[in-house]
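Take a walk through this model from its overall fold down to single side chains. Keep the viewer open as you read.

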Amino acid sequence: MHQQKRQPELVEGNLPVFVFPTELIFYADDQSTHKQVLTLYNPYEFALKFKVLCTTPNKYVVTDAAGAVKPQCCVDIVIRHRDVQSCHYGVKDKFRLQVSEQGQRKTLGRKEVVAILHPSAKEQQKEEEEKRIKEHLTESLFFEHMLPFLWVSNLSDRPPPSQPLFSPPLCMSARPPSPRVCVCF
């Protein structure tokens, strides 16, 4: 008996969509960033058609906002920011890429890509550095606060290899810590 190989039924909206990058960052003071490229990949054995939608189409120009991608191929979609104004700084716009099987109407998958306009690359880097410093400080303060509760004993007090090296910080209870408690990090 000869069995036919049947392709599984594609469920609407569940097909993963592969696009890079997943976020578009534009800088007002750097005109070279006003034009970005999204790459849509098709790893499947069938051709896809795609459509690009946007929450604020008046701010962007999308070349080839609809088209097709051959199996195991990719297509570049150029997006230009055409409304670079200070009132748009920090606003998150969204692009939605919808894909369907070529010749079919139902949408098989979708992916959203966020687009943000920043005033300048230098200012953005400064904000990110300040954020990293704050996170580091928070971690350092937590460790400093926990230091009095951490006791490290000599090597003979370490658990044998069959026991876990990490144990819960028993010294954090209301009673005074035992000198034999060992918390390993």
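The text below goes from the fold to the salt bridges, then to the backbone and the surface.

This is a predicted model, in which local features need pLDDT of at least 70, side-chain atom pairs count only at pLDDT 80 or more, and totals for chains, interfaces and linings use all residues. Residues are numbered from 1 along each chain as its sequence is written, and side-chain values use heavy atoms, with hydrogens and water left out.

Start with the fold. The chain has one helix and nine strands. Helices (H or I, at least four residues) and strands (E, at least two) are DSSP runs, numbered from the N terminus. The order along the sequence is β-β-β-β-β-β-β-β-β-α. Contacts, meaning heavy atoms within 4.5 Å, reach across the sequence. Among those between residues at least 6 apart, 63% join residues at least 24 apart.

Next, burial. Buried means under 20% relative accessible area, exposed over 50%, and partly exposed in between (1.4 Å probe, protein chains only). By that measure 29% of the 185 residues are buried. The chain exposes about 13,400 Å², and carbon and sulfur atoms supply 55% of that area. Accessible areas come from the Shrake-Rupley method with a 1.4 Å probe; for residues, only the protein chains shown count as cover.

Two valines show how distant segments meet. Val 17 sits in the segment before strand 1. Its relative accessible area is 9%, so Val 17 is buried. Leaving out residues up to four places away in sequence, Val 17 touches Leu 40, Val 99, Gly 109, Arg 110 and Lys 111. Val 17 and Val 99 are 82 residues apart along the chain, yet their C-alpha atoms are separated by 7.5 Å. Val 114 belongs to strand 9 (residues 109-118). Val 114 is partly exposed, at 21% relative accessibility. Beyond its neighbours within four places, the contacts of Val 114 are Thr 22, Glu 23, Leu 24, Lys 92, Asp 93 and Lys 94. The C-alpha atoms of Val 114 and Ile 25 are separated by 8.4 Å, with their positions 89 residues apart along the chain.

Now the charged pairs. Side chains of opposite charge can pair when their charged atoms come close. A salt bridge here is a side-chain nitrogen of Lys or Arg within 4 Å of a carboxyl oxygen of Asp or Glu. The count comes to three.

Which residue pairs with Lys 59 in a salt bridge? The partner is Asp 93, at 2.8 Å from N to O. Lys 59 lies in the loop between strand 4 (48-54) and strand 5, and Asp 93 in strand 8, so the pair ties together parts 34 residues apart in sequence. Both ends are buried: Lys 59 has 4% relative accessibility, and Asp 93 has 2%. Lys 59 also touches His 88. That histidine lies in the loop between strand 7 and strand 8 (92-101), and His 88 is buried at 15%.

The other two bridges share Glu 112. Lys 94 pairs with Glu 112, the closest N and O atoms being 3.9 Å apart. Lys 94 is in strand 8 and Glu 112 in strand 9, 18 residues apart. Lys 94 is partly exposed at 38%, as is Glu 112 at 37%. Glu 112 also meets Arg 96 at 2.8 Å, N to O. Arg 96 lies in strand 8, so this pair ties together parts 16 residues apart in sequence. Shared partners join Lys 94, Arg 96 and Glu 112 into one network.

The backbone has some details to check. The peptide bond from Phe 20 to Pro 21 is cis, with omega near -5°. Pro 21 falls in the loop between strand 1 (18-20) and strand 2 (23-27). Asp 64, which is not a glycine, has a positive phi near 55°. Asp 64 sits in the loop between strand 5 (60-62) and strand 6 (66-69), and is exposed at 54%. Gln 72 likewise has a positive phi of about 55°. Its loop runs between strand 6 and strand 7 (73-81).

Finish at the surface. Patches are made of residues with over 30% relative accessible area and no salt bridge; like charges are joined within 9 Å, nonpolar side chains (Val, Leu, Ile, Met, Phe, Trp, Tyr) within 5 Å. Phe 18, Phe 20 and Tyr 41 make a nonpolar patch of about 320 Å². Phe 20 is exposed, at 55%.
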